[in-house]
Amino acid sequence: MEVTDTDTIKIRSVIEYQLAAFKKDDAQGAFTFASPAIQAQFGTAEHFMLMVKTSYPAVYRPRSVFFEKITTIQGNITQPVLLLAPDGVPLRALYFMEKQPNNIWRISGCFLVSLEGK
């Protein structure tokens, strides 16, 4: 799939809005940016927020955020984002993005990759 400049802007906005919702502890707001499959997996915004708090502290409370160039990984449109975790450890978050039938982008997964030893 071709990612247009408009898509790039929209993808970045979705991630920025979700990060802003995490910062405000707005579980419902953060949950709205997750894909339908992620929403179905966690069931409620509160379950989703608890998972992010416990498993993704770098996403929940990043000290800094830097967007890299969108790429494709295993057929998934992917937005790499450099994060500085609360403990100062640098990580790369790979946001798998999914375009909905209504042309709205949603986050369908996020994987953290260590930058240690690079």
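Read from the N terminus onward, the secondary structure of the chain runs α-α-α-α-α-β-β-β-β-β, which amounts to five helices and five strands. Helices (H or I, at least four residues) and strands (E, at least two) are DSSP runs numbered from the N terminus. The model is predicted; local features need pLDDT of at least 70, side-chain atom pairs count only at pLDDT 80 or more, and totals for chains, interfaces and linings use all residues. Residues are numbered from 1 along each chain as its sequence is written, and side-chain values use heavy atoms, with hydrogens and water left out.

The C-alpha trace spans about 40 × 35 × 20 Å along its principal axes. The radius of gyration of the chain is 14 Å, which agrees with the value near 13 Å for a compact globule of 118 residues; the radius is taken over C-alpha atoms, and the globule rule is 2.2 Å times the number of residues to the power 0.38. Of the 118 residues, 39% count as buried, where buried means under 20% relative accessible area, exposed over 50%, and partly exposed in between (1.4 Å probe, protein chains only). Among contacts (heavy atoms within 4.5 Å) between residues at least 6 apart in sequence, 41% join residues at least 24 apart.

Two buried residues, one in a helix and one in a strand, were examined individually. Asp-7 lies in helix α1, which covers residues 5-23. Asp-7 counts as buried because its relative accessibility is 6%. Its side chain forms polar contacts with the side chains of Lys-99, at 3.2 Å, and Trp-105, at 3.1 Å. A polar contact is a pair of N or O atoms within 3.5 Å; within protein, one must be able to donate a hydrogen and the other to accept it, and residues adjacent in sequence count only if both atoms are side-chain atoms. With neighbours within four places in sequence left aside, Asp-7 is in contact with Met-1 and Glu-2 as well as with Lys-99 and Trp-105.

Ala-93 is placed in strand β4, residues 90-99. With a relative accessible area of 0%, Ala-93 is therefore buried. Beyond its neighbours within four places in sequence, Ala-93 is in contact with Gln-79, Pro-80, Val-81 and Leu-83, and also with Cys-110, Phe-111 and Leu-112. Phe-111 is 18 residues from Ala-93 along the chain, and the C-alpha atoms of the two are separated by 5.6 Å.
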